[in-house]
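User: I am new to this structure and would like to understand how its descriptive labels are earned. Could we go through them one at a time?

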Amino acid sequence: KKAAAYTNYDSGILSIEKRDAIATVCDEILNGELKDQFPLVIWQTGSGTQSNMNINEVIANRAQVIQGFAIGEGEPVIKANDDVNKSQSSNDTFPTAMHIAAYKMIVELTIPALENLRNTLATKATEFINVVKIGRTHLMDATPITLGQELSGYVAQISYGIKALQNTLPHLSEIALGGTAVGTGLNTPPGYDVNVATYIAQFTGYPFVTAANKFEALAAHDAIVESHGALKQIAVSLNKIANDIRMLASGPRSGIGEIHIP
C-alpha cells in the first residue's frame with residue numbers, strides 16, 4: 001500500500017498529502033501497531049478481498065484519526081477505495097503480499113536456520129572423521145564407515161535443500177501488483193507495475209520485480225508451489241536425519257546405543 005501510494009504520487013494521480021498520510025499509517029502497521037484491527041477470519045474469498053479491504057479501511061480510518069478527526073467525522077482525509085486502493089485490485093495485491101511474506105520468511109528465518117544446522121553438523125563431521133563404526137544397509141551390518149563420513153551425508157542433504165530453496169527465490173521475487181483485476185493492468189497509469197515493484201524492492205531491501213506475465217501471476221501460484229516443493233524436500237531430509245540419529249542413539253542398554261546425545 002505504501003509503495004502503491006508513492007507510485008501513484010509519482011504518476012500524478014495522488015496528492016503528496018494523501019501519499020504521506022497513507023505512508024504514515026503503513027509505517028505504523030509495519031512497526032507492529034494496530035494488530036488488533038486485522039482479525040483473521042477463516043472464511044476468505046478466493047482473491048482475499050476482505051483482507052485487502054480490511055487494510056484499506058484501517059489505513060483510511062487511522063489517517064482520519066491522525067488528522068484530529070473522529071472516524072466518520074467530516075470529509076474523509078483519504079478514501080479506502082479511491083485513494084488507498086488506487087491502481088490496485090485484491091487480485092494483484094493479495095498474491096503480491098503472499099510473495100513478499102514467503103520471501104521474507106525464507107530469507108530471514110528458514111535459510112539462516114538451515115545454514116546454522118548444516119554448519120553445526122559440518123563441524124561434528126570433521127571432529128568425528130576418524131571415529132570408525134559399522135555401516136548398515138536395511139539395518140543389517142555392512143562395511144565400516146566413520147561417524148564423520150555419516151554426518152557429512154547429512155551436511156550434503158541440507159546443503160542441497162538450501163540450494164533448492166534458493167533456486168525458487170527468483171520466481172518468488174516476481175510480483176503481480178500492477179495486473180489489477182485480470183492481469184491487463186486496467187486503471188493503472190503507464191509504467192505503474194515496474195515502478196511499484198521498484199518501490200517494494202526499496203522498502204523491503206529485497207530484489208522484487210514486476211512479473212513478466214501478469215496473467216500467470218494472478219491466475220496461478222506456481223512460484224509458491226515451487227517454494228513449497230523445496231521446503232518439502234528439506235522436510236523429508238530433516239525427518240530422515242532425525243530418524244537416523246534417534247535410532248543410533250536408542251538404548252542405552254537394549255537399543256543400538258551407538259552415539260550419545262548430550
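User: Leaving aside neighbours within four places in sequence, which residues is aspartate 92 in contact with?

Analyst: This is a predicted model, and in it aspartate 92 is in contact with Ser87, Ala176, Leu177, Gly178, Gly179, Thr180 and Leu218, once the neighbours within four places in sequence are set aside. Aspartate 92 itself lies in helix α5, which covers residues 90-127. One of those partners, threonine 180, offers its backbone nitrogen, which the side chain of aspartate 92 reaches at 2.8 Å.

User: How do you know that aspartate 92 has no salt bridge?

Analyst: A salt bridge needs a side-chain nitrogen of Lys or Arg within 4 Å of a carboxyl oxygen of Asp or Glu. For aspartate 92, which is buried, the nearest side chain of opposite charge is that of lysine 1, and it is 7.3 Å away. The cut-off is 4 Å, so aspartate 92 is left without a salt bridge.

User: What makes the link between arginine 62 and glutamate 28 a salt bridge?

Analyst: The side chains of arginine 62 and glutamate 28 meet at 2.9 Å, N to O, and the limit is 4 Å, so the pair qualifies. The pair links distant parts of the chain, with arginine 62 in helix α3 and glutamate 28 in helix α2, 34 residues apart. Arginine 62 is partly exposed, because its relative accessible area is 27% and that label lies between 20% and 50%, whereas glutamate 28 has 13% and counts as buried.

User: What are the distances and positions for the salt bridges of lysine 214 and glutamate 127?

Analyst: Lysine 214 forms a salt bridge with aspartate 193, their closest N and O atoms being 3.0 Å apart. That pair also links distant parts of the chain, since lysine 214 sits in helix α9 and aspartate 193 in helix α8, 21 residues apart. Glutamate 127 pairs with lysine 124, with the closest N and O atoms 3.2 Å apart, and both lie in helix α5, three residues apart, about one turn of the helix. A search of the whole structure finds eleven salt bridges.

User: Why is lysine 133 called buried?

Analyst: Lysine 133 has a relative accessible area of 10%, and buried means under 20%, so the label applies. Lysine 133 lies in strand β1, residues 132-137, and its side chain makes polar contacts with the side chain of glutamate 150 at 2.8 Å and with the side chain of glutamate 258 at 2.4 Å. Lys133, Arg136, Glu150 and Glu258 are linked in a network of salt bridges.

User: Why is leucine 40 called exposed?

Analyst: The relative accessible area of leucine 40 is 75%, and exposed means over 50%, so leucine 40 meets the condition. Leucine 40 is found in the loop between α2 and α3.

User: What makes the phi values of serine 87 and histidine 138 worth noting?

Analyst: Most residues other than glycine have a negative phi. Serine 87, however, has a positive phi near 65°, and histidine 138 has a positive phi of about 55° although it is not a glycine. Serine 87, in the loop between α4 and α5, is buried at 7% relative accessible area, while histidine 138, in the loop between β1 and β2, counts as exposed at 79%.

User: Which peptide bond is described as cis, and what is its omega?

Analyst: The bond from glycine 251 to proline 252 is cis, with omega near 15°, and proline 252 has its place in the segment after α10. Most peptide bonds are trans.

User: What makes one empty space a cavity and another a pocket?

Analyst: A cavity is a space where a 1.4 Å probe fits but cannot get out, whereas a pocket is open. The search of the whole structure finds one cavity of 30 Å³ or more, and the largest cavity holds about 90 Å³ of space. The largest cavity is lined by 14 residues, of which His99, Glu174, Glu216, Ala217 and Ala223 lie nearest its centre. The largest pocket has a volume of about 1100 Å³, and of its 27 lining residues Lys1, Leu30, Ile55, Ala97 and Ile100 lie nearest its centre. Helix α5 gives the most to the lining of the largest cavity, with three residues, and also the most to the lining of the largest pocket, with eight residues.

Conventions. Residues numbered from 1 in each chain as written. Predicted model: local features only at pLDDT ≥ 70, side-chain atom pairs only at ≥ 80, totals over all residues. Heavy atoms only, no water. Helix = DSSP H or I, 4+ residues; strand = E, 2+ residues; numbered from the N terminus. Buried < 20%, exposed > 50% of the residue type's maximum accessible area, 1.4 Å probe, protein only. Lys, Arg positive; Asp, Glu negative; His and termini not counted. Polar contact = N/O pair within 3.5 Å; in protein donor to acceptor, adjacent residues only side chain to side chain. Contact = heavy atoms within 4.5 Å. 1 Å grid on protein atoms, 1.4 Å probe; cavity = no way out; pocket = protein on both sides within 12 Å on 5 of 7 lines; lining within 4 Å. Points joined across faces, edges and corners; volume = space filled by probe spheres on them.
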